[in-house]
Amino acid sequence: MKTVIYSSPFVPAEWIAAHGLRPARIRPDPAAALPSTGPLTGVCPYARAFIGEVAAERGTDAAILTTTCDQMRRAAEWLTLGGGPPVFLLNVPATWQTPAAARLYRDELQRLGRFLVGLGGESPSREFLAETVAAHDARREALRRVLGSLGACFDLGDGEQTASRAADLRGGSPDPPRGTPVALVGGPLMRGDERVFDIIKQSGGCVVLDGTESGPRTLPAPIDRRRLRDDPLLELMDAYFGAIPDAFRRPDTALYQWLLHELAASAARGIIVWRYVWCDMWAASATRLREATGLPVLDLDVSGDESGLARTIGRIQAFMEVLK
C-alpha cells in the first residue's frame, strides 16, 4: 500500500484512506532539515525539516502540503522542482464563514481525490467513504474519552490519532499535576520538541492546556452519523474545514473563543506561545493573546536546532519565575 505523508490538520486522513492509500501525518525530524542556504534561505526550521523528510524518500510515495502556512506553500514549490515524490498543494481558504469558501475546500478535496487516483488509488463509493469516516471518528472518540480521564499535565504527543495510541494511554497512569499551571499554544511540534513539556515541568510549571497544532486543538469535530449517511464528503468537510480553530483563519475568532473557554476550564495562569522563527501569524497572535486574556504571555520563538536550546530553557525558566 502506498504511503502519503502530510502534516497539516486540515488534510483529512479518511479521504486518503478511502482511496486505498495509507495516510501518515508526520512530525518531521529536525535532523532531516536541509541547510538554510540558497533557495531555502529564510525558510523556517519546520518547513526545511519537512522538505528533508520528503526529499529523503523514506517510504514516501507522495506528500500533501497546504496553503495554511506561507512557509509550507514555499516548501511545496521547492519540492515540486526537486525531482522527488509527487507533491500536492491543497488550497485551504483562510476565510471560512461563507458558502463560497466551503465550496472551494470541497472542490479541493475532490481535486486531491483525482491526485490520489493518479497515484494508484481508487475513487471510493459513498458507502465506503462513510464507513471509513465512521471508523476514524470512532478512534478519535476513544482518544477523546481517554484524554478526558487523564487530567492536566499530560502531553498528547504526536497529532496522529490512532486506536493503538488510545489503548496505550488508557493503560498508563500519569502523575498528578504539580507546578504552576500554564498553557502551551501555537504551531506544530517537530520530532523531539515534546521535551518542551519536560523543560516546563523542570522549571516549576505544568502544562494544563496543549493548544499547539500537534495537540487536541486540531482534532476534527465529531461526526454526525445521520448526515454522514446522506453526504459523507460534506460531513467530512464540515468536521475539518468548519470546525478546526487556527491562527491562519480569517476571522480568527474561533481560535480565541476556543482558547478563552479552555483557559478558563484549565485555570492556566500564563501562556507560552510556541512558534518557529519567521512564523508571523503566531507572532501576531502573542500580542492579541495578552489583550484577550489578560494573562502573562511568553512569545517563545524557537530555532529548531540544539544551538538555541539553552536560550529556550532560560526563557522558560525566567517566565515561570515571574508566574510564581
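**Helix packing and parallel sheets in a predicted model**

Trainee: How do H7 and H12 lie relative to each other, parallel or oblique?
Mentor: In this predicted model, the axes of helix H7 (residues 195–202) and helix H12 (residues 309–323) come within 9 Å and cross at roughly 45°. An angle under 35 degrees would count as roughly parallel, whereas one of 65 to 115 would count as roughly perpendicular. The orientation of H7 and H12 to each other is therefore oblique.

Trainee: How many residues of the contact of H7 with H12 are charged?
Mentor: H7 passes H12 in a right-handed crossing, and the residues that H7 brings to the contact are Arg 195, Val 196, Ile 199 and Ile 200, which meet Leu 309, Ile 313 and Ile 316 in H12. Sorted by class, the contact of H7 with H12 holds six nonpolar and no polar residues, and the number of charged residues is one.

Trainee: Are H2 and H3 roughly parallel or antiparallel to each other?
Mentor: Helix H2 (residues 45–56) and helix H3 (residues 70–81) have their axes 9 Å apart and pack at an angle of about 30°. Since angles are counted as roughly parallel when they are under 35 degrees, H2 and H3 are therefore, with respect to each other, roughly parallel.

Trainee: How many nonpolar residues does the contact of H2 with H3 have?
Mentor: The crossing of H2 and H3 is right-handed. From H2 the contact takes Tyr 46, Ala 47, Phe 50, Ile 51, Val 54 and Ala 55, while H3 contributes Gln 71, Met 72, Ala 75, Trp 78 and Leu 79. By class, the contact of H2 with H3 has one polar residue and no charged ones, and its nonpolar residues number 10.

Trainee: Which strands are the edge strands of the open sheet E2-E1-E3-E4, each pairing on one side only?
Mentor: This open sheet has four strands in the order E2-E1-E3-E4, with parallel pairing, and its twist averages 25° from one strand to the next. Within the sheet, strand E1 (residues 3–6) is joined to E2 by four bridges, and Val 4 has Pro 23 in E2 as its bridge partner. The strands that pair on one side only are strand E2 (22–25) and strand E4 (87–90).

Trainee: At what angle does helix H4 run to E4?
Mentor: Two helices can be placed against the sheet here. H3 lies across strand E3 (62–66) and E4, running at about 150° to E3. Helix H4 (residues 99–118) lies across E1, E3 and E4, and its angle to E4 is about 170°.

Trainee: In the sheet E6-E5-E7-E8, which residue in E6 stands opposite Val 182?
Mentor: The four strands of this open sheet follow the order E6-E5-E7-E8 with parallel pairing, and its edge strands are strand E6 (205–211) and strand E8 (297–302). Strand E5 (residues 180–186) pairs with E6 in the parallel sense over six bridges. In E6, the residue that stands opposite Val 182 is Val 207.

Trainee: Over which residues does pLDDT stay under 50?
Mentor: Taken over the protein chain, the mean pLDDT is 89, and 91% of the residues reach 70 or more. One stretch, for which the model has 49 contacts beyond four places in sequence, stays under 50, and that stretch is residues 151–173.

How values were computed. Residues numbered from 1 in each chain as written. Predicted model: local features only at pLDDT ≥ 70, side-chain atom pairs only at ≥ 80, totals over all residues. Heavy atoms only, no water. Axes fitted to C-alpha atoms, helices over the stretch in contact; angles between N-to-C directions. Parallel < 35°, antiparallel > 145°, perpendicular 65-115°, else oblique. Left-handed = near helix turned anticlockwise from the far one by under 90°. Contact = heavy atoms within 4.5 Å. Nonpolar A, V, L, I, M, F, W, Y, C, P; charged D, E, K, R; others polar. Pairing = 2+ DSSP bridges. pLDDT = per-residue confidence, 0-100.
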